[in-house]
Structure formats: C-alpha cells, structure tokens
Amino acid sequence: MSGRAGVPRLEWPQVCARRLERHALASGSPDANPAGVAGAICGAHAQVLSAAELSLGLRLQGATRTDVRDALWTERSLVKTYGPRGTVHLLPTRDLPTWTGALSAIPSTNQFPDEVRLTAGQTEEVVGAIGQALEDAELTVEELGEAVLAATGPWAGDLVVPAFQEKWPRWRQAITVAAHRGALCFGPNRGRRVTYTNPHRWLPDFRPSRGRAALTRVVRHYLRAYGPATSKQFAQWIGGPPGWAAELFDSLAGELREVEFDGSPAWLAADDTPLPETEPEGVRLLPYFDAYTVGSHPRKRIFQGRAAERALSRTGQAGTFPVLLVDGTVAGVWHLRRSGRKLDVTVESLRRLGKGRQAELDDEVERIGRILEGTPRLTMGTVTVGGHA
C-alpha cells in the first residue's frame, strides 16, 4: 500500500511478521550458531547471563546453554561486554571492531556534576591504566581498582560516584568507556565474582573501526532487526542523544528508505528485502530483557491493552518482565524458579489460550527445559479472560 506522495505504507501485521522472522522467533534457525544469532539481533542483553543463554537458545534449533557458554568462554566467538545503552551484552567477537567504533563515537551523556565527573584527561589516564592492567590478567573490580590507582593517583579512588546504598570510586565511571574503546570486556566469573579482561588477549590485531563507518553499519543492522524505525527510537535503543541520532539518519538519507508506519515516517535500509505477506504466528516465552521486546516499537503495538500495565515498568521500560508472546505481541508474563534440575515455570496469561495455543505453550516449556538443561513443570497462573488466543 502507498501512503503520502508515493511513500510505501506498512501495516503492523507484516512488520510484526518480519521482526519475528529476523529474530528467528517464527522458527528456530537450523544452521546458525550463537554468534550468528547474536549478530542478527544486535546483541543479547546479558546482565543476567542465564537470560542471554535462553534468548540465544530459543532462536536456535537443538541448542543448550552449554552451547552458548562454549561460544563465549571456549570458542571466543561471543564476547561479553558493555554494549548499547551501556548495558551488558553478548556480541559476536567478529563484530567487536564495529561495535567499539560505533559506541565510542556516541556523544557523551555524562550527567554527573563537575565535582564527581572525570575530566577528559583523567578519563584518558584511567582507560589507559585499565587496558594495561588487563593485558595479561582477569581481575575483579577491586583488583582492577588497585591497579588503576597505582597507575594514576589517589584522586581516582575518591568515593564520589552514587551507586545504590554506597559510593563508588571516581575511576569506575570509565569502565564502560574502556569497554567501548576496546580496552575491557568480561572474563569468566571467579566463583561468584565478576572479572574483567582485555579482548586483545585473544584478538591481538583488534582495533575499533572508524566511527562513521561503524555507525553506518550499526544503523543498517538495527533497521534490519527492528525496522521500520525512527531516529528517536534508534537513539533510545543505542543510548545516544536524540538530536545526534536525527543528524546521523539525515546524513545517511541516501542509504535509507522512508516508509509510513503506524501513521508516521520511519526508515528501512534502502536495499532491504520486501516484507513477508504471512501473518505473525507462534507462542514464545521470552526471558528478561530479550532483544525483541527491548528493541521493538511502537510499544503500544507490542504491549497492547493490559499487557502494558502488566509487562512494562512504571516508566514504560520493556524487558523488566519475562513475557508470553502470542503472534508477536505480549499476552502475559511468566516466572522461572530453579532447584537443581527442576524448573518450575509459571505462566500468567492475559487471555484464555485455546487448545492449539496451549499445546504450543507446552512445547515451548519443553524447549526451555532442553535449553536450560533441566526438567520443566508448567503451572498456569491467574488468567484474565479476554477471548481466545
């Protein structure tokens, strides 16, 4: 269909079906590997590593959490680092030059007051000290802090950064900056302790790509996974200022294609393939901060009606609840409790599931059991009747 002045008008069902396909949620990818899936969805959120393992496993046929762990810690085809929005992600190692080049080119949005904020010179000192300390080591944050203070000065240890119920030392503002510049990533946990290391340990020739070229590639990857989208939505997703993102999209006008979606202008990559004609289908259980729910807009289409009240945070943030997805839209939430190999899965559906949908849900719970290498048991929580799904 055409919108204003010949601009194509896209309808929600075909856009939703396209996103499910691009996210390998319409059907699992039989030939892909964890790194390939992470690349397709622009990274898997990994603040809770088990959620990232499930996010990737759900998009692969026959995969388990062990496959994801092997890709991360043995094959090194995945890297755990600070990605979009400064949050922890699993990213393809092969794409690390692009991601570091793009993320380090985003204008700083440091909101700390002057007496807390690192100066530009101090930031350079700390990032350099971090990279050097991690060249041949995997260090906890305390061990890394000792090395940074020894290389810089006592000012780096001033307890000035607000953090929950305490204050962190000044230097810790630069951890994300160091990751975005390619000087830091996560190492394997030491027991329950997080460690950091330097990706140059296994990528000796690694260098961040040039900012402009890297940003162009990230915009294209983002639009392939989440488009059509606006520059404002891209800014929210990557963690940059809206004005900067608008200028970036304007500068890429020759590489983007304007469409009308949900009554407003939006963008796709100019050479992207046509949208599918199929309807969005399938029942999925997505974990905390799954890429599909975090990156997809408009929220009112993904979280319709009571789903917005139940599955979004008070500020409208997506991903803070694991969600039941029916035909591409949120139809409830779910909870997982593990005890050894036993997995208790409780699903709270906001609509009555017919026999066919219930059978799909049963299959999905079994898949989660295989991925997480446990024995699942499904319990249906409170159901709000709003018709059959």
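Colleague: Let me start with the pocket. How does the lining of the largest pocket divide by class?

Modeller: A good place to begin. This is a predicted model, and in it the lining of the largest pocket has 24 nonpolar, 17 polar and 7 charged residues.

Colleague: How does one find such a space to begin with?

Modeller: The general idea is simple: a probe the size of a water molecule is rolled over the atoms, and this shows where empty space is left. Here, the largest pocket holds about 1500 Å³ of space. Its lining is made of 48 residues, and those closest to the centre are Gly 86, Gln 173, Ile 175, Thr 176 and Val 177.

Colleague: Which elements give two or more residues to that lining?

Modeller: There are helices and strands on the list: helix 6 (120–133), helix 7 (141–151) and helix 8 (175–180), together with strand 3 (78–82), strand 5 (159–163), strand 7 (185–190) and strand 8 (193–197). Helix 8 provides the largest share, 4 residues.

Colleague: And what is the volume of the second largest pocket?

Modeller: About 390 Å³. It is lined by 18 residues, with Val 48, Leu 49, Ser 50, Ala 51 and Leu 336 closest to its centre. By class, that lining has 12 nonpolar, 2 polar and 4 charged residues.

Colleague: Which element gives the most to this second lining?

Modeller: Helix 3, with 5 residues. Helix 4 (65–74) and strand 13 also each supply at least two.

Colleague: Is helix 3 mostly covered or mostly open? I'd like to know how to read that.

Modeller: Burial is read residue by residue, and the cut-off for buried is under 20% relative accessible area. In helix 3 (residues 49–57), 7 of the 9 residues are buried, so by that definition the helix is mostly covered. The buried residues are Ala 51, Ala 52, Glu 53, Leu 54, Ser 55, Leu 56 and Gly 57.

Colleague: Strand 13 came up too. In what order do the strands of its sheet lie?

Modeller: To read a sheet, follow the pairing from one edge to the other. This one is an open sheet of 5 strands in the order 11-12-13-14-15, with mixed pairing. Strand 11 (283–286) and strand 15 (375–380) are the edges, each pairing on one side only. On average, neighbouring strands are turned by 30 degrees against each other, direction ignored.

Colleague: In what sense do strand 12 and strand 13 pair?

Modeller: Antiparallel: strand 12 (residues 323–326) and strand 13 (residues 329–339) pair over 4 bridges. Val 323 has Val 333 as its bridge partner, and Leu 325 has Val 330. The two strands form a hairpin with 2 residues between them, and Asp 327 in the turn has a positive phi of about 55 degrees.

Colleague: Over how many bridges do strand 13 and strand 14 pair?

Modeller: Over 8, again in the antiparallel sense. His 335 is matched with Thr 346 in strand 14. Strand 13 and strand 14 form a hairpin with 2 residues between them as well, where Gly 340 in the turn has a positive phi of about 65 degrees.

Colleague: Which helix lies across these strands?

Modeller: Helix 15 (residues 355–371) lies across strand 11, strand 12, strand 13, strand 14 (342–349) and strand 15. For its direction, note that helix 15 runs at about 40 degrees to strand 11.

Technical notes: Residues are numbered from 1 along each chain as its sequence is written. This is a predicted model: local features need pLDDT of at least 70, side-chain atom pairs count only at pLDDT 80 or more; totals for chains, interfaces and linings use all residues. Side-chain values use heavy atoms; hydrogens and water are left out. Two strands pair if DSSP finds at least two bridges between them. Axes are lines fitted to C-alpha atoms, for helices over the stretch in contact, and angles run from 0 to 180 degrees between N-to-C directions. Contact means heavy atoms within 4.5 Å. Buried means under 20% relative accessible area, exposed over 50%, partly exposed in between (1.4 Å probe, protein chains only). On a 1 Å grid over the protein atoms alone, a cavity is a set of points where a 1.4 Å probe fits but cannot get out, and a pocket is an open set with protein on both sides within 12 Å along at least five of seven lines; lining residues have an atom within 4 Å of a point. Grid points are joined across faces, edges and corners, and a volume is the space filled by probe spheres set on the points. Ala, Val, Leu, Ile, Met, Phe, Trp, Tyr, Cys and Pro count as nonpolar, Asp, Glu, Lys and Arg as charged, and the others, Gly among them, as polar.
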